[in-house]
Amino acid sequence: MEKIKTDLLLKHLFKNPATKLIEIILGKKVDWQLLQDTDLKIVKNREADLVVKLEDNTILHIEIQSTNDPSMPYRMFEYFYLITDKYKPKDLIQVCIYIGKEPLKMSDKIQFSDWTYRYRLIDMKDVPCRELAKSPNITDKLLAGLCKIEDPKFYVENVIKEIKKANPKDRKELFTLFLEISKIRNNIEEEIRSYITQ
């Protein structure tokens, strides 16, 4: 599975959206509204993965990254300008969530002589899997597959059980997303294969 297709699937997951993951990122429960128009134009087109407006007019911007990209701080800085210029928020919280297999090596800042630009950089492997897996939201449960899972068999069985409970027209898409996530985390892919062949 090529990186672009994986990223598009994960963008779809966030737009479903993952309420518990947003609470974990912010460290509190919030009311928020998804901003649908995330197409940001300057000289080139940029489309943000997820942009939501919080109850206090703060904007939360989340990017999903599956590889270590040394230019990520500059991309986030570009988004910083484009989002603040378009929405004029009270405040802007920017988060890059790294979902790759390799150890995280990206920087979370650009250091200038007089000031520093910084954004939050989260390795999905460090997110508490149990909290996401316990969420009633199927998107959170699926995203838990990107965390460090202590019991892959238990996780796989529970997610498949939840997918079976979903609306019949959504089941195929949810299972496809589950398979894509499993390709990022090998221990889950092996467990899914084992489950299917039982």
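# Working through a predicted model

Salt bridges join Lys-20, Glu-23 and Glu-131 into a network. (A salt bridge puts a side-chain nitrogen of Lys or Arg within 4 Å of a carboxyl oxygen of Asp or Glu.) The model is predicted, so local features need pLDDT of at least 70 and side-chain atom pairs pLDDT 80 or more, while totals for chains, interfaces and linings use all residues. Residues are numbered from 1 along each chain as its sequence is written, and side-chain values use heavy atoms, leaving out hydrogens and water.

## Exercise 1: Salt bridges

Find out how many salt bridges there are, then work out which parts of the chain the pair Asp-56 and Lys-90 ties together.

Step 1. The count comes to 9 salt bridges.

Step 2. Zoom in on Asp-56 and Lys-90: their side chains meet at 3.9 Å, N to O.

Step 3. Now place both ends. Asp-56 sits in the loop between strand S4 (50–54) and strand S5 (58–65), and Lys-90 in the loop between H3 and strand S6 (91–98), so this bridge ties together parts that are 34 residues apart in sequence. (Helices, H or I with at least four residues, and strands, E with at least two, are DSSP runs numbered from the N terminus.)

Step 4. Check the surroundings. Lys-90 is exposed at 60% relative accessibility, whereas Asp-56, at 34%, is partly exposed. (Buried is under 20% relative accessible area, exposed is over 50%, and partly exposed is in between, using a 1.4 Å probe and protein chains only.)

## Exercise 2: Two more bridges

Are Arg-75 and Asp-69 buried or exposed? And where do Lys-165 and Glu-162 lie?

Step 1. Arg-75 and Asp-69 form a salt bridge, with 3.0 Å between the closest N and O atoms.

Step 2. Both Arg-75 and Asp-69 turn out to be buried.

Step 3. Lys-165 pairs with Glu-162, and here the closest N and O atoms are 3.1 Å apart.

Step 4. Helix H6 (residues 152–165) holds both Lys-165 and Glu-162, 3 residues apart, or about one turn of the helix.

Step 5. Lys-165 is exposed, at 60%, but Glu-162 is partly exposed, at 22%.

## Exercise 3: Aromatic rings

Which kind of aromatic pair do Phe-77 and Phe-80 form?

Step 1. Start with the rule: rings of Phe, Tyr and Trp (its six-membered ring) pair if their centres lie within 6.5 Å, and planes under 30 degrees apart are stacked, over 60 edge-to-face, the rest tilted.

Step 2. That rule gives 9 aromatic pairs. Phe-77 and Phe-80 make a stacked one, at 6.4 Å centre to centre with 10 degrees between the planes.

Step 3. Look at helix H3 (residues 72–87): because Phe-77 and Phe-80 are 3 residues apart in it, about one helical turn separates them. Phe-77 is partly exposed, at 27%, and Phe-80 is partly exposed too, at 34%.

Step 4. Try Phe-112 and Trp-115: with ring centres 4.6 Å apart and planes at 20 degrees, this pair is stacked.

Step 5. Zoom out. Ring pairs link Phe-77, Phe-80, Phe-112, Trp-115, Tyr-117 and Tyr-119 into a cluster.

## Exercise 4: One face of a helix

Which residues of helix H2 (residues 19–26) are buried, and within what arc do they fall?

Step 1. In H2, Leu-21, Ile-22, Ile-25 and Leu-26 are buried.

Step 2. Look down the axis of H2: the buried residues fall within an arc of 130 degrees, so they line one face of the helix. (The arc uses directions from the helix axis to the C-beta atoms.)

Step 3. Just after H2 comes Gly-27, with a positive phi of about 75 degrees.

## Exercise 5: Cores and cysteines

Which residues have the most contacts inside the largest nonpolar core, and how many disulfides does the structure hold?

Step 1. The largest core has 43 residues, and Leu-21, Met-124 and Phe-178 have the most contacts inside it. (A nonpolar core is a set of buried Ala, Val, Leu, Ile, Met, Phe, Trp, Tyr and Cys residues joined through side-chain atoms within 4.5 Å.)

Step 2. A second, separate core has 14 residues, among them Val-51, Met-72, Cys-96 and Tyr-117. Cys-96 is buried, at 0% relative accessibility.

Step 3. There are 0 disulfides (cysteine sulfur atoms within 2.5 Å) in the structure. Take Cys-147: the closest cysteine sulfur, in Cys-129, is 4.7 Å from its own, too far for a bond. Cys-147 is buried, at 3%.
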